[in-house]
Amino acid sequence: MSRAVKCPVMNGLTFRRADEHDLTELTRLRDDAARWQIGRGIDQWKPGQLGEDHFRARLEDGEVWIATHGPGGPVTGAWELWWEDPAAWGPRPAVAGYVHRLMTDRRTAPPGTGRHLLTEAERRIAATGRTLCRLDCLSSNARLRDYYEAAGYTVVGEQRAKDGGLGNPYAVTLLEKRL
């Protein structure tokens, strides 16, 4: 059975669940995205901060999705889909899916790929019967907050001391979108 899920409305992108064979590629995507952010003065991700162990853990307790340019084509992006997020959102009823580490490959992703990844994540969440897509971003990252708001997300709060497991709590803006 193929891991690929064809989604023809997404500009020729194909989506599939990541597996152990994708750990190096996921780490590269994250590090490249971190370098891109740093090059634009965005203080959010750091190269080397999350490695294969992080993505292996996400594969075990959640979902990690990869987008390629057509079946078997080059990787254009990835994201994590969680079914709870107590570090940012606290205990909540099971009405939402949570998007984390939305990443695009600047070398291969056509314009608008990030939006397509978000749309696919929202579609997957809605298919489970959940009615909200939630995500967060650093409170100091106004550019990313604006990006999510332009994609239909609404700011619903702030978590002033999120512990993302890296040793330094940080403030995040909480956003959600009704599906």
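This report walks through the overall build, the strands, the aromatic rings and the cysteines of one protein chain.

**The big picture**

Keep in mind that what you have in front of you is a predicted model. The chain contains five helices and eight strands. Going along the sequence, these elements come in the order β-β-α-α-β-β-α-β-α-β-α-β-β. The radius of gyration is 15 Å, close to the 16 Å that the globule rule gives for 179 residues, so the chain is as compact as a globular protein of that length. If you'd like a feel for the dimensions, the C-alpha trace spans about 40 × 35 × 30 Å along its principal axes.

How much of the chain is buried? Of its 179 residues, 47% count that way. There's also a good share of contact across the sequence: among contacts with a separation of 6 or more, 61% come from residues 24 or more positions apart.

**Following the strands**

A handy place to start is strand β3, which covers residues 63-69. Six of its seven residues are buried, so β3 is largely enclosed by the rest of the structure. On one hand, β3 pairs with β2: the two run antiparallel and are joined by five bridges. One spot to look for is Arg-17, whose bridge partner in β3 is Trp-65.

On the other hand, β3 pairs with β4, again in the antiparallel sense, this time over six bridges. Here Ile-66 stands opposite Ala-78 of β4, while Ala-67 has Gly-77 as its bridge partner in β4. The hairpin of β3 and β4 has five residues between the strands, and in it Gly-70 takes a positive phi near 80°.

Now move on to β4. Is this strand mostly covered or mostly open? Mostly covered: eight of its eight residues are buried. Besides its pairing with β3, β4 runs antiparallel to strand β5 (residues 96-104), with five bridges joining the two. Leu-81 of that pairing stands opposite Val-99 in β5.

If you're tracing side chains along these strands, here's a rule of thumb: in a regular strand the side chains alternate between the two faces of the sheet.

**Rings that meet**

Next come the aromatic side chains. A pair of aromatic rings is described by the distance of the centres and the angle of the planes. Searching the whole structure turns up five aromatic pairs. Two of them are set out here.

| Pair | Distance between ring centres | Angle between planes | Arrangement |
|---|---|---|---|
| Phe-15 and Trp-79 | 5.7 Å | 70° | edge-to-face |
| Tyr-147 and Tyr-148 | 5.6 Å | 65° | edge-to-face |

What does the pair of Phe-15 and Trp-79 tie together? Phe-15 lies in strand β2 (residues 13-17) and Trp-79 in strand β4 (residues 75-82), so their pair links parts that are 64 residues apart in sequence. Both Phe-15 and Trp-79 are buried. They also belong to one aromatic cluster together with Trp-65, the residue that serves as bridge partner of Arg-17.

The pair of Tyr-147 and Tyr-148 is a mixed case. Tyr-147 counts as partly exposed because its relative accessibility is 29%, whereas Tyr-148 is buried, with a relative accessible area of 7%.

**Charges over rings**

Two arginines are worth finding in the model. The charged end of Arg-124 sits over the ring of Trp-65, 3.6 Å from the ring centre. That puts Arg-124 beside the aromatic cluster's member Trp-65. The charged end of Arg-115, meanwhile, sits over the ring of Tyr-147, 5.3 Å from its centre.

**The cysteines**

Last, a look at Cys-133 and Cys-137. Why don't they bond? The sulfur of Cys-133 is 13 Å from its closest cysteine sulfur, which belongs to Cys-137, and that is too far for a bond. A disulfide would need the sulfur atoms within 2.5 Å. Seen from the other side, Cys-137 has Cys-133 as the holder of its closest cysteine sulfur, at 13 Å. The count of disulfides therefore comes to zero. Both residues sit away from the surface by the accessibility numbers: Cys-133 counts as buried at 0% relative accessibility, and Cys-137 counts as buried at 1%.

Definitions and conventions. Residues numbered from 1 in each chain as written. Heavy atoms only, no water. Buried < 20%, exposed > 50% of the residue type's maximum accessible area, 1.4 Å probe, protein only. Phe/Tyr/Trp six-rings, centres within 6.5 Å; stacked < 30°, edge-to-face > 60°. Helix = DSSP H or I, 4+ residues; strand = E, 2+ residues; numbered from the N terminus. Lys NZ or Arg CZ within 6 Å of the ring centre and 35° of its normal. Pairing = 2+ DSSP bridges. Rg over C-alpha atoms; globule rule 2.2 N^0.38 Å. Contact = heavy atoms within 4.5 Å.
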